[in-house]
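Colleague: Please take one part of this model and go through it closely, strand pairing above all, and then set it against the rest of the chain. I would like one connected account rather than a list.

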Amino acid sequence: MNITEHYDIIIIGTGAGGGTLAYRLAPSEKKILVLERGDFLPREKENWSAKEVYQKERYHTTEHWYDKDGKAFRPQTGYWVGGNTKLYGSALIRLRERDFEAVTHKDGISPAWELKYQDFEPYYTQAEKLYDVHGKQGEDPTDPPRSQPFPNPEISHKPHIQEISDGIRELGYYPFHLPMGMKLNEADLTRSPCIRCDTHDGYPCLVHAKADAEVNTILPIRDKSNLTLLTKAKVLKLHTSESGREITAVETDVNGQLHHFSADIVVVSCGAINSAALLLRSANDKHPNGLANSSDQVGRNYMKQQEFAVLSIHFETFEAKFQKTIGVNDFYWGEPDFPYPMGMVQNTGDVLTDMIPAEAPPLLAPFVKLIPEFGLQQIAERAVGWWLQTEDLPDPNNRVRTLGDKLYVDYTLNNTEAAQRLLHRWTSVMKSISQKAAHVIPFSLYPRNEVPQEAVAHQCGTCRFGNDPKTSVLDLNCRTHDINNLYVVDSSFFPSNSGVNPTLTIIANALRIGDHLTQLI
């Protein structure tokens with residue numbers, strides 16, 4: 001095997017984990033190779049087209065994965081510099097302090113993390129600064145303690161959204177300004193990259209005003225002399241030494257040419273699903289069940305949250321753009337007659353006409369197709385989207401596995417009663433607001449859609465960290481127990497999920513591991 005070139009460190013992937021880690025390590029002046037299977041996402045008018053983004057899925061991969069029944073599906077994931085942060089909604093939220101402890105849910109126990117909130121708190125603070133997070137301290141009663149306030153002021157509610165927030169508050173709840181990663185200057189919009197457009201949530205940002213891993217971490221270090229970024233570089237396999245204790249080569253297809261790179265340290269940051277798949281596909285005589293898999297935990301305990309998209313329809317049209325500013329955690333830990341966690345509510349980006357056919361729930365989809373475009377426009381102009389997410393529990397049978405070139409994601413929902421409870425509770429909140437504010441139509445059935453298997457944006461688990469090599473894949477510094485120079489730095493390390501978006505924790509952990517690796521290299 002001919003080694004193309006040797007580096008101090010190789011990072012595979014440029015998303016929230018890999019991109020942030022590369023940013024942290026770049027000042028070390030060590031020789032760094034960053035491999036990204038995709039390319040830079042093109043800046044084009046289609047970035048802001050609901051039809052292209054939602055109906056045609058222009059920026060999602062065309063590859064197919066398979067579910068537990070062997071049915072093929074096209075995952076809603078993209079291979080770009082910046083990873084899935086190019087298409088994320090940029091809600092950047094800390095796990096609650098209690099999320100790091102063992103928590104009793106209706107369907108079982110969410111296991112404790114061996115590191116606690118205080119271990120991550122300094123890195124959460126750094127992550128919020130790095131990713132331009134806007135927020136307001138003291139509004140959310142479930143907020144964990146903070147060593148510093150948010151680095152940027154909260155994003156203001158537009159008038160109609162403010163009315164909804166006020167209506168929620170009048171019912172005795174505590175809506176808060178959703179922490180968002182944005183390059184927004186509301187004090188002086190002439191200096192603001194962000195223009196508060198209506199195509200944010202799920203869209204690439206044409207003006208690079210969304211705080212994503214490409215814009216905030218890769219572009220600032222791209223021209224450093226010690227860093228090499230290769231795009232269209234898909235890693236096929238990791239090779240080990242005869243002892244099986246070191247990675248000796250990273251086999252990579254670069255624009256159709258096969259290369260073997262080596263490094264003192266190799267970091268896998270492909271996302272929880274693809275990181276596990278790469279380890280499994282790299283099986284050899286010393287690691288017959290896949291690399292770092294002596295515990296048989298690689299790929300297991302895959303989690304993605306239970307998620308619902310809900311629409312509330314209003315009498316009046318919404319002139320406001322960029323509506324995604326409300327979060328509600330009043331039901332995060334349950335309610336008096338249901339003492340189990342239920343999850344988080346946040347409103348979504350603007351609902352546009354061309355989004356509705358793509359997002360309609362199965363029961364309503366046939367009827368939506370019969371509605372003329374004018375009718376869809378009338379709905380879109382009067383709709384507010386809500387996103388509900390409930391923690392799912394780690395289950396060893398929910399797993400990523402590979403068979404030849406095929407990637408399987410076996411997943412069965414759990415903790416469903418809590419999720420349904422949150423859905424019905426939020427529907428009742430919307431109906432109650434309708435009695436206080438005349439601009440909400442009190443539908444007996446709110447259009448809602450359970451987010452399908454294809455949605456993998458909040459993926460985590462698959463290579464859990466811990467001190468015991470028999471029950472975990474990684475140690476507490478995210479180095480594999482079995483291989484001395486192999487790390488996994490993305491959402492794979494989560495030993496349990498939470499009810500909030502995972503991205504800020506991925507970023508914070510990447511900064512933490514970056515500090516650890518800086519001491520080693």
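Modeller: Two strands are said to pair if DSSP finds at least two bridges between them, and by that criterion strand E11 (residues 233-240) and strand E12 (residues 247-254) are paired, since seven bridges join them in the antiparallel sense. Within that ladder, histidine 239 has alanine 249 of E12 as its bridge partner. The two strands make a hairpin with six residues between them, and glycine 244, which lies in the turn, has a positive phi of about 80 degrees. Please keep in mind throughout that this is a predicted model.

The part I would examine most closely, however, is strand E17 (residues 383-390), where seven of the eight residues are buried, so that the strand is largely enclosed by the rest of the structure. E17 pairs with strand E14 (residues 306-313) in the antiparallel sense over eight bridges, and in this pairing leucine 311 stands opposite glycine 385. E17 also pairs with strand E16 (residues 344-347), again antiparallel, over four bridges; there glutamine 389 is the bridge partner of methionine 344. As background, side chains in a regular strand alternate between the two faces of the sheet.

What does histidine 458 touch beyond its neighbours within four places in sequence? Its contacts are Met303, Lys304, Gln305, Glu307, Trp387, Gln389, Asn501 and Pro502. Of these, Trp387 and Gln389 fall within the residue range of E17, and Glu307 falls within that of E14. With glutamate 307 there is also a polar contact, made side chain to side chain at 3.0 Å. Histidine 458 itself belongs to the loop between strand E20 (448-450) and strand E21 (486-488), and it counts as buried because its relative accessibility, 11%, is under the 20% cut-off.

Elsewhere, the aromatic residues deserve a look, since a search of the whole structure finds 22 aromatic pairs. One of them joins phenylalanine 120 and tyrosine 124, whose rings are 6.4 Å apart centre to centre with 40 degrees between the planes, a tilted arrangement. Both residues lie in helix H3 (residues 117-130), four residues apart, which is about one turn of the helix. Phenylalanine 120 is buried, with a relative accessible area of 0%, and tyrosine 124 is likewise buried at 0%. These two residues are part of a cluster linked by ring pairs, which also includes Phe100, Trp113, Tyr117, Phe465, Phe493 and Phe494. Rings also take part in two placements of arginine: the charged end of arginine 37 sits over the ring of tyrosine 79 at 3.7 Å from its centre, and that of arginine 401 sits over the ring of tyrosine 408 at 4.4 Å.

As for the chain as a whole, its secondary structure comes to eleven helices and 21 strands, and buried residues make up 60% of its 521 residues. Among contacts between residues at least 6 apart in sequence, 73% join residues at least 24 apart; the contact of histidine 458 with Glu307 is an example of residues brought together from separate stretches of the sequence. The protein exposes about 20,400 Å², of which carbon and sulfur atoms supply 49%.

Notes
Residues numbered from 1 in each chain as written. Predicted model: local features only at pLDDT ≥ 70, side-chain atom pairs only at ≥ 80, totals over all residues. Heavy atoms only, no water. Buried < 20%, exposed > 50% of the residue type's maximum accessible area, 1.4 Å probe, protein only. Contact = heavy atoms within 4.5 Å. Areas by Shrake-Rupley, 256 points an atom, 1.4 Å probe, with all protein chains shown as cover. Polar contact = N/O pair within 3.5 Å; in protein donor to acceptor, adjacent residues only side chain to side chain. Phe/Tyr/Trp six-rings, centres within 6.5 Å; stacked < 30°, edge-to-face > 60°. Lys NZ or Arg CZ within 6 Å of the ring centre and 35° of its normal.
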